Amino acid sequence: MKKEIICTVCPRGCRIMVEGEGDTILSVEGYTCKRGLEYASAEFAHPVRILTTTVRIAGIDNDLLPVRSTRPVPKEKVLDCMDVIRKVEVSLPISRYDVVAADICGTGVDIVATKAMEK
């Protein structure tokens, strides 16, 4: 299988072609730095994403708390994580980096508040 990956490590945005099957990479072409090679290889074998979203605040309508994952989550688990996050409701006060969902979907990644909020 061949896959084109646009590198996001630096502003160049190299178009990198990776060929392989599963975890086995046969060739990588189009990268201009070592970081691009590493990024494209990882993105081909095991794509991950930082999850950034919002959660509801208990007792307050029309206001949401911004949250994010502490580390990237496997791309195939993003929708499962969002199903869990949709059910989360936090109580105020909350501090920045407070965990609102621990070990989301068994990934070992926590979802944390990115903003402090008072009542």
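Reader: In this predicted model, where does lysine 75 lie?
Author: Two elements flank lysine 75 in this predicted model. One is strand S7, residues 73–74. The other is helix H2, residues 78–85. Lysine 75 lies in the loop between S7 and H2.

Reader: Is lysine 75 buried, partly exposed or exposed?
Author: Buried means under 20% relative accessible area, and exposed means over 50%. Lysine 75 has a relative accessibility of 42%. That value falls between the two cut-offs, so lysine 75 counts as partly exposed.

Reader: Which residues does lysine 75 contact, leaving aside neighbours within four places in sequence?
Author: Contact here means heavy atoms within 4.5 Å. With the sequence neighbours within four places set aside, the partners of lysine 75 are Pro47, Val48 and Arg49.

Reader: What separates the C-alpha atoms of lysine 75 and glutamate 43?
Author: Along the chain, lysine 75 and glutamate 43 are 32 residues apart. Glutamate 43 is one of the buried residues of helix H1. The C-alpha separation between lysine 75 and glutamate 43 is 9.7 Å.

Reader: How far apart are the end C-alpha atoms of H1, and what span is expected?
Author: H1 covers residues 34–45, which makes twelve residues. At 1.5 Å a residue, the span should be 16 Å. The model agrees with that expectation, with end C-alpha atoms separated by 17 Å.

Reader: Within what arc do the buried residues of H1 fall?
Author: The buried residues in H1 are Gly36, Ala40, Glu43 and Phe44. Seen down the helix axis, they line one face of H1, because they fall within an arc of 100°.

Reader: Which strands do the buried residues of H1 pack against?
Author: The buried set comprises Gly36, Ala40, Glu43 and Phe44. Their packing partners include strand S4, residues 48–49. In full, the strands are S1, S2, S3 and S4.

Reader: What is the strand order in the three-strand sheet, and which strands are its edges?
Author: This sheet is open, with antiparallel pairing in the order S1-S2-S3. The twist averages 30° from one strand to the next. Two strands pair on one side only: S1 (2–6) and S3 (24–29).

Reader: Which residues in S3 are the bridge partners of methionine 17 and glutamate 19?
Author: S2, residues 15–21, pairs with S3 in the antiparallel sense over five bridges. Methionine 17 has glutamate 29 as its bridge partner in S3. For glutamate 19, the partner in S3 is serine 27.

Reader: Which residue in the turn of the S2 and S3 hairpin has a positive phi?
Author: Two residues lie between S2 and S3 in this hairpin. One of the turn residues has a positive phi of about 65°. That residue is glycine 22.

Reader: Which residue in S10 stands opposite valine 67?
Author: The five-strand sheet is open and mixed, in the order S8-S5-S6-S10-S9. Its edges are S8 (89–90) and S9 (99–101). S6 and S10 (residues 111–113) pair in the antiparallel sense over three bridges. Valine 67 stands opposite alanine 113.

Reader: Is serine 69 buried or exposed, and what backbone oxygen does its side chain reach?
Author: Serine 69 sits in strand S6, residues 60–69. Its relative accessible area is 0%, so serine 69 is buried. Not counting residues up to four places away in sequence, serine 69 touches residues including Arg49, Val109 and Ile111. At 2.9 Å, the serine 69 side chain reaches the backbone oxygen of arginine 71.

Definitions and conventions:
Residues are numbered from 1 along each chain as its sequence is written. This is a predicted model: local features need pLDDT of at least 70, side-chain atom pairs count only at pLDDT 80 or more; totals for chains, interfaces and linings use all residues. Side-chain values use heavy atoms; hydrogens and water are left out. Two strands pair if DSSP finds at least two bridges between them. Helices (H or I, at least four residues) and strands (E, at least two) are DSSP runs, numbered from the N terminus. Axes are lines fitted to C-alpha atoms, for helices over the stretch in contact, and angles run from 0 to 180 degrees between N-to-C directions. Buried means under 20% relative accessible area, exposed over 50%, partly exposed in between (1.4 Å probe, protein chains only). A polar contact is a pair of N or O atoms within 3.5 Å; within protein, one must be able to donate a hydrogen and the other to accept it, and residues adjacent in sequence count only if both atoms are side-chain atoms. The expected span of a helix is 1.5 Å times one less than its number of residues. The arc is that of the directions from the helix axis to the C-beta atoms.
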